[in-house]
Structures are given as structure tokens and as C-alpha cells.
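Student: Could you take me on a close look at the place where two chains of this model meet? I would like one connected picture of it.

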Amino acid sequence: MAAVAVDDVEALRDAVRCGPRVLPAGGATKPALSAPPAEDVVALDVSGLRGIVEYDPAELTLTARAGTPVAELDGALAEHGQYLPFDAPLVAAGATIGGVIASGTSGPGALRYGTVRDFVIGVRMVDGTGELVCGGGRVVKNAAGFDLPKLMVGSMGRLGVMVEVSLKVFPRPRAAATVAFELGGLEPALAALAVLARGPVELDALELEPPARIVVRLAGDPEPLAARVARVAALVGAPGEELDATVWADAAAFAWMAPATRLVRVALTLRGVAALQAALAAAGARARYSNAANVAWIAWPGDCPLAVLDATLRELRLPGVALTGAPGRPLLGDRRGGAFLDRLRTALDPDGRFAEL
Amino acid sequence: MTVLDDLRPRLGRRLLTGPAELAVFGCDALTAFYERPAAVVLVESADEVVAVVRACHREGVPFVARGSGTSLSGGSLPIGGGVVIALNRLDRVLSVDPDARTAVVEPGVINLDVSRAALPHGLMYCPDPSSQSVCTIGGNLAFNSGGAHCLRHGMTANHVLGIRAVLPDGELVELGGDSVEPLGPDVAGMFCGSEGLFGIALEVTVRLVAVAEATHTALAVYDSLEQAGDAVARIVAAGLLPVAMEIMDALAIEAAEASVKPNYPKGAALLIVELEGERGVVDADAAALRELLRASGAGEVVATEDPDARALIWKGRKSAFSAVGWLAPDYIVQDGVVPRTRLGEALAEIGRMGAAAGIRVANVFHAGDGNLHPLILFDGREPGMLERAEALAGDILRLCIRLGGSITGEHGVGVEKREYLPLMFTPADLELMRRLRRAVDPAELANRGKMLAVA
């Protein structure tokens, strides 16, 4: 079924109210979430809902329409020495802020100040009845009403269509340094990861490239950076290799993925890495771990059914979501939320106007 | 009382129904409201919570979960004729995982005890409400509590990763997990701050962070609140990211000195700025901060890294609410938020409104995030004074909304600010909130009457 483009809120409300069921798409950089999974669902192109609504650098907040490319936000923020610290992936490919929130995807920089959930403070959205509703606000601290902005994180366009979002922003570090360490094996690499995650040096990114390589980014004022890098090397107990910033652009673009593999995101902790790695090796899949191994990015072989990964993740009691490849049931592995999510869903979408979760 | 009769053999003397026993549970820290519950249950296990919730659901009796009763918005006010589920005995830290930097705790664990359990691993729990030595994690979670250090670290919801909860009909659910990266709709985030309307948390997985290597606390005095507010703007503009920026006015300083004697430098306004992090980074930032404070027209500037001196500074700040008891027999504390660039305007207007009403207002607030805590001082024995004080409190909340803010930054709506929620949200927004509430709890048994009026 052809996509329907909406570039104003009334058209969006109309599209939600009548016609076929809808699934919003922004930059379509995570097609497994944004391409219609069934015959009777139509893609709703919301990339026309675009532009910064309000940005006062002194306020450290920004409000933008949901279809705004993150690159546009990054540019506006950089002019004032600010940034979105959760470091969304696929920005160069065209990821929109609404899509980043709906997919719940953060990048390596989430280590320092938190993931996308920690920066969304307000949302205007169209619910399944076609009403335009708001949650949260435009101030950084707010405890009034249910936290709809958080519920939108990871909602995959299945609980509401975001129209406008408000975000916290932070001052951008003036300089950064990147260092890689080869640890000789998965076990020592995980041990080093655990040591570094507990401080005292505040890292900006802490990544694991299995089996044995960890990559660290430090950010802040330029002057103390060299001494900080030396402290990290001392904590690891191995000499590091300084890298340039292109490694981060490559990571954000998933340049390491082989052709015809599918991108899957899995939430876990350090403790779950070894078992997941063993299972992935058996299936010939590669992975990288981000945010001190709180998230795994898996390149799943295109010729191996996702059902295999689904079963593996269930066994390991880990939740996952497929981001690229053909649309289908996006959530894999251990599902969380149960009856609570089901009930919220009946309130947000009583007539089943959105694609199924 | 029939609803819990089946449970009496199991609960024994932990099921309270006598008038004298119930009296102490009639209110929380918002003492202007009082309701007599039909029963209080001192539960000792998650299973007992579930059993009580199921019994209440079967009989259609409303219930309120309660920790230490420190809510300033009436969040744990009993429902007349309902059941209070007192969670204080569910006070175990079940596990601390130093590698994953998480802890699993029961809802009755006191906030500060989470950090106490984490400290041997060099870790701590960030959210620090002023009541942190008595308030519980369950209440923090239900009301998305804040604290002085939200500026950098965020609120309770930013530190709750997973929740095992009982829904209002007794169904058990697992929300979130132990990773800091949520996956699927962030239902744990949605459960936080829902003021008990979605059920009761039985086990909470919280995020821990490494204790900072260095903490630098600076005090600066100013001749006016506006000057202090201007200093905050300069710090933000310079790209510094302190963990806390707090301002107290002369009346709040006077109250603090009268009670806990923090020995603050004297002035019309006091700014507290705290930096934390790595040694070298904090040293560089502290030097930059010193320059900024000097340039902002500060009188005396005092800085310390001594833990005892720092503790006294924060004791003075965190006791400000109770300390105003030294200045007036009664007070109302408000919790409005304004965009941080409009703080000066808000404070000047609050000053004018207080003067016009002939009511003294002490100001102590989280300047870094625009969260105001005007303390409205009055004597309730004077006829009409409570009403006048409440009217002023309402006017202050309207001001916050007019400036683009919120009616509550960290205390929640509770019963206190329920009538102000429509100032912030449209009828459609509120209708969705009611629909969400009823989808989870059709009979509106869980903490009935908080945040949303009962249909």
C-alpha cells in the first residue's frame, strides 16, 4: 500500500481517524520498525512535520517537530556549544528525532549522561482516537501528570504519532580523545570494562568490540585530556592506541555490518555478554556492545531466520528489537510490560488504529 | 471491617483497625488534609501486598500504599474507609551488582540506605530529596521525586530501570529490566511518577553511579535574588555543568540559621553551587566557577571540599522547609517550575504578590532547573489566614504556568494540586490520563483521588 504523507497536524489527525491502519515513518532509517508489517497498514510519512519550534540556549532545552532530522538539531545546537548527549545513531543517514525516540535508540555517548529516555521532557502526539494530546512540558523538571514522554520512548509508532517533542540539552564538551585497548580475550576485556565503568575517570563512551578490544572516548576541556587518557591506560593496565574520531562516525552508521545482515538491538548488562557472545558465534553473527555493555548491536545474518535469534534471546531472558530488514513482529526475545502495557495500549488506541506491537 | 477479615489470621496484630492505631496514619507531611482509613496493614512481604491488593479488589475497597508518609502533596493521604498498605517493613536491599552498577531493593527501603549499601563498592544512588534520610524508594518512585542534584543527574525516573509491580487488580507485571538501555515502550518510566494510580511497586531495580572522586561546594552571597539568579545564568552560559545550583533568600537563610546553624555567609541571597567529578576536571571547573562568581558581583565567596563542611551546608539547605517553623506557626510549601531564564521575573513577581497579600514568603529553590519552593508563612489560628495563604499559593502556580512552567517539579500533584492540573493540560490531555488510569484500574481503587478527581 502506498505511503500517505502528512505535513500538518490536521491531516495527520484525519489519517489516524479514518482509512487503513497507520504506521508513522520519519527518515525510514530503521525500516523494520517503520515499513508497514501487514497488508492493511499504511505508512504515514511524517517527515514533513519538520523544524525547530523553540530553542533558547540559555534554557538548555529545545522543542522541535518530530520529523526534524537530528542532524538539523545537532547543527543548531553546535552553533551554541550544546548537544544532545544521548548521541543518536544513523543521524548521517537521516534519522529524525521522532524516529530516534520511537525506536529508543541511543549511541555511545549515552554512557555519560543517559539514554534518550533521560532527555525527552515533553511530547505532543496524536493518539489512536485522533486527538492531539500533550504530556510533560518544556521545563527540565516536571512531575505533573503521567509521563507520556517516557512511554513514547521505544513505542515504535504503535502507541501514538509524535508531532512535537521537547528535549533537555547539555553543554558540548570542547574536546575529545579516543583510545582503544587490546585485552587478549573476552574475559579480560569484560574485566577491564567493569573496572572502567566504576570510575573514577568519567568516560564519554565505553564500547566493546568482541572478543578482546575496548574503545574508550574521553571528552571535556582540552587541557587535562592527555593526563586523563594516561589514567585510563593505568586503570586498564595496558597501553592504548589513540584513534581519530572517524571511528564514531563509523559506529553511528553501523559501517562494521556485513552486507545483507540485519541490525538487532538487545538490552543487557555486562553479566549477559559472555553467554550472548557464545550463542551469536554459533550462529555466525557479529555484535558490538555499547554503553558499558548495556546494549548489544547485533548484525544477524540475512540467511538465518530471526526466529532463531528470538529463541536464543528468550532462552537468555534478554529483550531485543529488529531495526533493519523486512518488517514483521519487531520485538524479539523476552517481552516486558505484560498486562500493564496491554492496558495502556487499549487506552491510547482503543480502536486499533495503529500497527500491532 | 470485612474486607481483610480473611487475612486476619495471617496478619495478626499487623492488621490495625483500632481508632488510636489508625489515627497516626490519617495524614502525611501535608497536614492540612486528614482522612481516617478503615484499616492499616503492616505488610512484611511482597506476597502479603499482593494478597491485600487482591482482597481489596474483590471487595471493591480503595487502598493507598504508604512508605514514611513524607509526601508534601498529600500523596499518601488515606482514603476514608479504605485500606492503608504500610510498606516500611519491606526494607531490604535485595542485591547490589557492582559490575552492572545496579541494586534491587524493596519499596520500603529508605533512600539513603540504598547509597549506604552501595558505598562499599564505590557506588551511590543519585536522587536526593531533602527527606532522603527518612523517605522510601517506593514513594520516590510513585511521585518521581527530585532533589538538589537533579540538575545533572535527573529525577527518580531516570534512575529506576526495572519494576516488579502488582496492578490494582492483583496481577503481577515485570516492567523494564536491569539494563540502563530500555527496550520496547518504556513502561517502567511510565509507571514512575504515576502517583500510585497504576499499582504498587514490589521490587525496584535502580541504577547506581560511581561516587565522584572530587566534590567542590561553593557558597556565594549577593545583595539581591536577581543577582544570584544572574550568576546561575552566567554559569550555564559558560558551559559548566554543576551537579547542583541552589538559591536561598534572606528569610530562608534566617530560618536555617535559627534551626541547624549552618553558619552561612550573610547576605540577601545565597547561591550554593556544587561540582563533582574527576579531580583534575573539578579543579579546572572550580577555578572557572570562582571567576564567574566574582564577575557576577558576589560578596563573600566560600568554597570547601571538606566532607563535614559540605554536609553542614546541605543540612542547612535541606532543612529549610522544617526550619521555617521557627519563623511562623504554619506554612505552605509550593513546588512550581519556571523556565530557568525567567527565574528573576518569577521571584520579583512572587515578592510583589506576597507583599500585596501581606504574607511573608521565604524562597529556597533549585535555581539550576527553575524549580521554585516558595514557603508561604502564616498563622492558622488567625481567622481566614489559611484561605489567604492558599489563595497566594494558587496565584504562584498560575504564575508558573503563565511563564511556561509546571505546577510541580518534584512533589507531585497528589490531592494538593489536583485542581491546578487543568491549568497545564487541555481537556483532551486530561481525558487521556483518565482513560489510561481506568484502563489499568477500572474501579479506581489504587490511591483514589490523587492526581485525578474521581469520576
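Tutor: Happy to! Keep in mind that this is a predicted model. Let's start with how much of each chain takes part: 89 residues of chain B are in contact with 75 residues of chain A. The size of an interface is often given as the accessible area lost when the parts come together. Between chain B and chain A, about 6700 Å² is buried, and carbon and sulfur atoms give 58% of that area. Three residues deserve a look here: Glu181(B), Leu183(B) and Glu278(B) supply 12% of the area that chain B buries against chain A, more than any other three residues.

Now for the polar side of the story. Twelve salt bridges are counted between chain B and chain A. To see a salt bridge up close, find Asp369(B) and Lys141(A), whose side chains meet at 3.9 Å, N to O. Across the interface of chain B and chain A, 33 residue pairs are in polar contact, with both residues at pLDDT 80 or more.

Which parts of chain B face chain A? The elements giving two or more residues to that side include the strands β9 (172-176) and β14 (269-277) of chain B, along with the helices α10 (279-295) and α16 (427-440) of chain B. Of the elements, α16(B) gives the most, with nine residues. Sorted by kind, the residues on the side of chain B that touches chain A divide into 45 nonpolar, 23 polar and 21 charged.

Technical notes. Residues are numbered from 1 along each chain as its sequence is written. Chains are lettered from A and ligands numbered from 1 in the order in which they are written. This is a predicted model: local features need pLDDT of at least 70, side-chain atom pairs count only at pLDDT 80 or more; totals for chains, interfaces and linings use all residues. Side-chain values use heavy atoms; hydrogens and water are left out. Contact means heavy atoms within 4.5 Å. Buried area is the accessible area (1.4 Å probe) that two parts lose on being put together, summed over both. A salt bridge is a side-chain nitrogen of Lys or Arg within 4 Å of a carboxyl oxygen of Asp or Glu. A polar contact is a pair of N or O atoms within 3.5 Å; within protein, one must be able to donate a hydrogen and the other to accept it, and residues adjacent in sequence count only if both atoms are side-chain atoms. Helices (H or I, at least four residues) and strands (E, at least two) are DSSP runs, numbered from the N terminus. Ala, Val, Leu, Ile, Met, Phe, Trp, Tyr, Cys and Pro count as nonpolar, Asp, Glu, Lys and Arg as charged, and the others, Gly among them, as polar.
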